[in-house]
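Visitor: I would like to go through this model term by term, with each label set against its cut-off. Please start wherever the packing is easiest to see.

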Amino acid sequence: MGFLKNPQAFLRVLQTVLQTTNYRFILFTVGYEPLDADIRLIASGKPSFSKQEQIIQDGISLFDGKLFCCSGMIPYNWLFLRCAAAIHHGGSGSTAAALYVGIP
């Protein structure tokens with residue numbers, strides 16, 4: 001995630017996509033501190049974002065529950081069975097898991 005130079009801009013793009021579609025996303029931050037910090041900023045309900053967000057047990061739900069942010073571990077084989085598609089970093093584990101369950 002180190003290539004992500006402006007995490008807040010990335011989150012604003014996701015917010016716009018989620019406001020204009022019926023999609024839902026799961027975002028694994030893998031402990032990338034700048035992204036985690038901006039997620040916490042949004043969740044705190046600062047004025048730059050419109051609604052108070054809900055903090056969930058091991059993650060944070062943002063943008064009316066359409067984006068779930070998690071830095072923990074979830075088995076891809078379990079998760080991807082419940083997904084329509086996976087956008088990931090292209091590592092061998094995530095690629096294999098997506099292919100195994102047959103999602104793009």
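Guide: The buried residues of helix α1 pack against β1, α2 and β4 (67–70). Contact here means heavy atoms within 4.5 Å, and buried means under 20% relative accessible area, with exposed over 50% and partly exposed in between, for a 1.4 Å probe and protein chains only. The model is predicted, so local features need pLDDT of at least 70 and side-chain atom pairs count only at pLDDT 80 or more, whereas totals for chains, interfaces and linings use all residues. Residues are numbered from 1 along each chain as its sequence is written, and side-chain values use heavy atoms, with hydrogens and water left out.

Visitor: What makes up the overall fold, and in which order do the elements of the protein chain come?

Guide: The chain has 4 helices and 4 strands, where helices (H or I, at least four residues) and strands (E, at least two) are DSSP runs numbered from the N terminus. Along the sequence they follow the pattern α-β-α-β-β-β-α-α. Of the 104 residues, 34% count as buried, and among the contacts with a separation of 6 or more, 46% join residues 24 or more positions apart.

Visitor: How do you know that the span of helix α1 agrees with its number of residues?

Guide: The expected span is 1.5 Å times one less than the number of residues. For the 14 residues of α1 (residues 7–20) that should give 20 Å, and the end C-alpha atoms are indeed 20 Å apart, which agrees.

Visitor: Which residues of α1 are buried, and why are they placed on the same side of the helix?

Guide: The buried residues are Pro-7, Leu-11, Leu-14, Gln-15 and Leu-18. They cover an arc of only 105 degrees around the axis, which puts them on the same side of α1; the arc is that of the directions from the helix axis to the C-beta atoms. The face turned away from this buried side carries the exposed residues Val-13, Gln-19 and Thr-20.

Visitor: What makes the buried residues of α2 line one face?

Guide: In α2 the buried residues are Leu-35, Asp-36, Asp-38, Ile-39, Ile-42 and Ala-43. Seen down the axis they fall within an arc of 165 degrees, so they line one face of the helix. Just after α2, Gly-45 takes a positive phi of about 80 degrees.

Visitor: How do you know that Asp-38 has no salt bridge?

Guide: A salt bridge needs a side-chain nitrogen of Lys or Arg within 4 Å of a carboxyl oxygen of Asp or Glu. For Asp-38, which is buried, the nearest side chain of opposite charge is Arg-40, at 8.6 Å, and no salt bridge is found. In this count Lys and Arg are positive and Asp and Glu negative, while His and the chain ends are not counted. Asp-38 lies in helix α2 (residues 33–43) and, leaving aside residues up to four places away in sequence, touches Pro-7, Gln-8 and Leu-11.

Visitor: How many aromatic pairs does a search of the whole structure find, and why is the pair of Phe-28 and Tyr-76 given its name?

Guide: The search finds 2 aromatic pairs. Rings of Phe, Tyr and Trp (its six-membered ring) pair if their centres lie within 6.5 Å, and planes under 30 degrees apart count as stacked, over 60 as edge-to-face and the rest as tilted. The rings of Phe-28 and Tyr-76 have centres 6.5 Å apart and planes at 75 degrees, so this pair is edge-to-face. Phe-28 lies in strand β1 (residues 25–28) and Tyr-76 in helix α3 (residues 76–80), so the pair ties together parts that are 48 residues apart in sequence.

Visitor: What makes the pair of Tyr-76 and Phe-80 stacked?

Guide: Their ring centres are 5.0 Å apart and their planes stand at 15 degrees, so the pair is stacked. Both residues lie in helix α3, 4 residues apart, about one turn of the helix. Tyr-76 is partly exposed at a relative accessible area of 30%, whereas Phe-80 is buried at 6%. Ring pairs thus link Phe-28, Tyr-76 and Phe-80 into a cluster.

Visitor: Why is Phe-63 called buried, and why is Asp-64 called exposed?

Guide: Phe-63 has 7% relative accessibility and therefore counts as buried, while Asp-64, at 58%, counts as exposed. Phe-63 lies in the loop between β3 (59–62) and β4, as does Asp-64. Phe-63 has a positive phi, near 55 degrees, in a residue other than glycine, and Asp-64, also not a glycine, has a positive phi of about 60 degrees.
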